Amino acid sequence: MRLILASNSPRRKDLMKQAGLDFSVKTSKNINEKLIEDELLKNISEKKPYEQAHDLTRKLSFEKANATLAELCYDNDFDCEDIIVIGSDTVVVCEEKILGKPISRQDAYDTLVYLCGKKHRVYTSFCLLSKYKERIITSYTEVEFYKYDDKTNEIIKKYVESGSPLDKAGSYGIQDYGSLLVKEIKGDYYTVVGFPISLVYRELENYNSEI
């Protein structure tokens, strides 16, 4: 089977390479994540934030994989009989808020200050999709930030100025300078990074054996 990663995330690509997986990268431009998110959250507004995050990451991981698979199958250079597409999505949930990627540096700063001294969950779902079947897996990890103080504020300002938080759910990456804000985690580290690679690897093996 030919493995396609439907993500431009450098972190996901690096983890796939570290796992020794042979894959190509292909993403679809024919998907409006914000529209999908808004419509889904409107339909599940009665659910608790953790449940919303669970449903949202599963929906978006499927839609990313599905849009990419559809485009590949339309391309005559690809044989759809021999393709598995991986789509993935990550969100952060704290108290009653679902935190995606920040829309500005100020938004990133405000989000990181908000997270200080609190425990939050990071949800990551991934979808394995072929012409014949789909499988969606969800993982979450609990993260606690240090309390807000002068040192924490200094870290946040320096981090935001670097621009690194701008492409990350919850405005931080545990694998970069954002790690200095993290006091404790409970669960899979790579779920916080945005791709639980050991789980992805095992599910791929099971998925291939069932095709």
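## A walk around helix 4, a sheet and a pocket

The buried residues of helix 4 pack against strand 3, strand 4, strand 5, strand 6 and helix 5. That is a good place to begin our tour of this structure, which is a predicted model.

### One side of a helix

Which residues of helix 4 are buried? They are Ala108, Thr111, Leu112, Tyr114 and Leu115. Try finding each of them in the 3D view, looking along the helix axis. These buried residues cover an arc of only 155° around the axis, so they sit on the same side of helix 4. A general rule helps here: an α-helix has 3.6 residues a turn, so residues three or four places apart point the same way.

Just after helix 4 comes glycine 117, with a positive phi of about 75°. Keep that angle in mind, as similar signs turn up again below.

### A serine with many partners

Serine 171 belongs to the loop between helix 5 (150-162) and strand 7. Is serine 171 buried or exposed? Its relative accessible area is 1%, and because buried means under 20%, serine 171 counts as buried.

What does serine 171 touch, if we leave aside its neighbours within four places in sequence? Its contacts include Ala108, Thr111 and Leu112, which are also among the buried residues of helix 4. Serine 171 is in contact with Gly100, Pro102, Asp107, Tyr159 and Pro165 as well. Leucine 115, another buried residue of helix 4, is 56 residues away from serine 171 along the chain, yet their C-alpha atoms are separated by 9.9 Å.

Serine 171 also has a positive phi, although it is not a glycine. Glutamate 95 is another non-glycine residue with a positive phi. Glutamate 95 lies in the loop between strand 3 and strand 4, and at 46% relative accessibility it counts as partly exposed. Here are the positive phi angles together.

| Residue | Phi |
|---|---|
| Glutamate 95 | about 55° |
| Serine 171 | about 70° |
| Glycine 117 | about 75° |

### Strand 5 and its partners

Now turn to strand 5, which covers residues 119-129. How many of its eleven residues are buried? The count is ten, so strand 5 is mostly covered, buried meaning under 20% relative accessible area.

Strand 5 pairs with strand 3 in the antiparallel sense, over nine bridges. One place to see this pairing is at glycine 87, whose bridge partner in strand 5 is cysteine 127. Strand 5 also runs antiparallel to strand 6, and eleven bridges join the two. Here you can look for lysine 119, whose bridge partner in strand 6 is glutamate 144. Strand 5 and strand 6 are linked by a hairpin through four residues.

Helix 3 reaches this region too, through histidine 54, a residue of that helix. Leaving aside its neighbours within four places in sequence, histidine 54 is in contact with Tyr123, Ser125 and Thr138. At 30% relative accessibility, histidine 54 counts as partly exposed. The C-alpha atoms of histidine 54 and valine 93 are separated by 9.9 Å, with their places 39 residues apart along the chain.

### The largest pocket

Let us look at the open spaces next. The largest pocket has a volume of about 930 Å³. It is lined by 45 residues, and Glu33, Lys64, Asp89, Thr90 and Lys101 lie nearest its centre. Several elements give two or more residues to this lining, including helix 1 (10-18), helix 2 (33-43), strand 3 (83-94) and helix 4 (105-115). Which element gives the most? Helix 3 does, with six residues. Sorted by class, the pocket lining has 18 nonpolar, 14 polar and 13 charged residues.

### A cavity

There is also one cavity of 30 Å³ or more, and about 40 Å³ of space lies in it. Its lining is made up of Lys119, Glu142, Val143, Glu144, Glu184, Ile185 and Lys186. Strand 6 (134-145) and strand 7 (182-186) are the elements that give two or more residues to this lining. By class, the cavity lining has two nonpolar, no polar and five charged residues. You have already met two of the lining residues: Lys119 and Glu144 line the cavity, and they are bridge partners too.

How values were computed. Residues are numbered from 1 along each chain as its sequence is written. This is a predicted model: local features need pLDDT of at least 70, side-chain atom pairs count only at pLDDT 80 or more; totals for chains, interfaces and linings use all residues. Side-chain values use heavy atoms; hydrogens and water are left out. On a 1 Å grid over the protein atoms alone, a cavity is a set of points where a 1.4 Å probe fits but cannot get out, and a pocket is an open set with protein on both sides within 12 Å along at least five of seven lines; lining residues have an atom within 4 Å of a point. Grid points are joined across faces, edges and corners, and a volume is the space filled by probe spheres set on the points. Ala, Val, Leu, Ile, Met, Phe, Trp, Tyr, Cys and Pro count as nonpolar, Asp, Glu, Lys and Arg as charged, and the others, Gly among them, as polar. Buried means under 20% relative accessible area, exposed over 50%, partly exposed in between (1.4 Å probe, protein chains only). Two strands pair if DSSP finds at least two bridges between them. Contact means heavy atoms within 4.5 Å. The arc is that of the directions from the helix axis to the C-beta atoms.
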